[in-house]
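Subject: Structure for you to look at

Hello,

Here is the structure I said I would pass on. Please open it first; my notes on what was found follow below.

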Amino acid sequence: MTKDILKRGIDLFARLQSDNKKSEVIFYGGEPLLNKDAVFLGIEYLNEKIYTGEIKKLDKMIFTNGSLITSNIAKFFYEHDISVGISIDGWKEVHNKMRIYPEGKGTFYSTIKGYNNLKQNGCNIGISCTVSTHNLSVLDKIIEYFATELEGRFISLNPLFDTNNKEKLSKKFLEVMADKIIEAYDVAKQYGIYEDRVTKFIEPFVKGFIRVVDCAGCGRQIVLSPDGQIGPCHAFLGNKKFFCGNVYDKNFDPNKNKVFKEWSKRSPFN
């Protein structure tokens with residue numbers, strides 16, 4: 001993504017943001033820190049918009065595999081109030097089953113080094129753990145590892161759905177996955193850890209409100225692709241299905257776009 005496209009995307013976001021609601025900008029990848037200069041520029045540009053009052057009530061976040069986070073990068077995130085979601089799937093042997101460099105070497109030590117740099121600089125960190133066949137059987141132990149070894153306090157367990165192996169997505173497998181995630185949630189609760197995946201389903205029952213949708217793609221987000229196209233969901237960044245706008249179109253308004261209108265109706269109630 002070029003810096004120009006990124007700035008145009010932020011301009012669009014500023015134009016669309018509601019004055020009375022807190023919004024969020026998330027830097028995603030691939031690995032966003034492969035384009036570090038653009039990420040840094042985007043964060044600074046957002047802060048300019050906040051300073052001038054064009055953007056109000058904003059949270060800023062980045063999702064990263066952590067392998068490129070130096071102490072200087074962590075310091076920058078802390079100084080600019082960036083929350084960091086870092087991908088860790090377990091201890092070394094588990095993490096390195098899936099998260100490897102192109103030459104085959106595991107990323108665990110690089111990721112943990114980045115994680116420690118974030119901790120040492122006082123950053124707000126959440127652990128994003130992808131749940132699949134490589135760690136499902138030991139998910140409860142992984143939560144213990146996050147709690148005792150990494151001192152994690154915010155965890156999100158994210159099922160892997162984007163796979164070519166459809167056998168992994170059988171009804172039986174998904175039922176087992178759900179049970180394992182609930183068991184892991186119970187362990188997290190014992191350690192005083194906030195686990196996002198289960199909590200957001202339990203919270204409406206506890207606090208007595210209706211959670212209409214689970215996904216921000218249902219009319220609550222815009223996704224900007226590296227080439228400047230706009231869509232409702234980052235799951236389709238690869239094939240650009242449902243991407244229907246462009247940052248170079250100054251008249252683009254998702255609130256008036258038929259694709260975004262259709263997606264805004266995609267709640268369990270419909």
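Is Glu203 buried, exposed or partly exposed? Glu203 is partly exposed, with a relative accessible area of 24%. Please keep in mind throughout that this is a predicted model.

Helix α8

Glu203 is also one half of a salt bridge: its partner is Lys207, and the closest N and O atoms of the two are 2.9 Å apart. Both residues sit in helix α8 (residues 196-207), and because they are four residues apart there, about one helical turn separates them. Lys207 counts as exposed, at 58% relative accessibility.

The neighbourhood in sequence also holds a nonpolar patch on the surface, formed by Ile202, Phe205 and Val206. Together these residues have about 360 Å² of accessible area. Val206 belongs to helix α8 and is exposed, its relative accessible area being 65%. For background, nonpolar side chains in soluble globular proteins tend to be buried together.

Other salt bridges

The count of salt bridges comes to nine. One of them joins Asp59 to Lys22, with 3.7 Å between the closest N and O atoms. This pair links distant parts of the chain, 37 residues apart: Asp59 is in strand β2 (residues 58-64), while Lys22 is in the loop between α1 (3-16) and β1 (23-27). Asp59 is partly exposed at 33% relative accessibility, and Lys22 is exposed at 57%.

Another salt bridge is formed by Glu54 and Lys49, whose closest N and O atoms are 3.1 Å apart. Lys49 counts as buried, because its relative accessibility is 9% and the cut-off for buried is under 20%. Glu54 counts as partly exposed, at 41%. These two residues are not on their own, since a network of salt bridges links Asp11, Lys49 and Glu54.

The nonpolar cores

The largest nonpolar core has 54 residues, and the members that touch the most others are Phe77, Leu118, Phe146 and Leu157. Helix α7 (residues 171-190) gives the most to this core, namely seven residues. Another core lies apart from it and has six residues, among them Ile230, Val247, Phe252 and Phe260.

To see what surrounds one of the core residues, select Phe146. Leaving aside neighbours within four places in sequence, Phe146 is in contact with Ile88, Asp89, Gly90, Ile127, Cys129, Glu151, Gly152 and Ile155.

The sheet β7-β8-β9

Three strands form an open sheet, in the order β7-β8-β9, with antiparallel pairing. Its edge strands are β7 (223-224) and β9 (245-246), each of which pairs on one side only. Strand β8 (residues 229-231) is joined to β9 by two bridges, and the two strands run antiparallel. Within that pairing, Ile230 stands opposite Gly245 in β9. Ile230 is also a member of the six-residue core mentioned above.

Backbone points to check

Most residues other than glycine have a negative phi, and most peptide bonds are trans. Three places in this model depart from that pattern, and they may be worth a look on screen.

Which residues does a cis peptide bond join? They are Gly29 and Gly30, with omega at about 10°. Gly30 is placed in the loop between β1 and α2 (36-52).

The loop between β8 and β9 holds Lys240, and Phe242 lies in that loop as well. Lys240 is not a glycine, yet has a positive phi of about 65°. Phe242 likewise has a positive phi, near 75°, in a residue other than glycine. Lys240 is partly exposed, with a relative accessible area of 24%, and Phe242 is partly exposed too, with 25%.

That is what I have on this structure for now.

Regards

Notes: Residues numbered from 1 in each chain as written. Predicted model: local features only at pLDDT ≥ 70, side-chain atom pairs only at ≥ 80, totals over all residues. Heavy atoms only, no water. Pairing = 2+ DSSP bridges. Core = buried A, V, L, I, M, F, W, Y, C linked by side-chain atoms within 4.5 Å. Buried < 20%, exposed > 50% of the residue type's maximum accessible area, 1.4 Å probe, protein only. Contact = heavy atoms within 4.5 Å. Salt bridge = Lys/Arg side-chain N within 4 Å of Asp/Glu carboxyl O. Patch = residues over 30% accessible without salt bridge, like charges linked within 9 Å, V, L, I, M, F, W, Y side chains within 5 Å. Areas by Shrake-Rupley, 256 points an atom, 1.4 Å probe, with all protein chains shown as cover.
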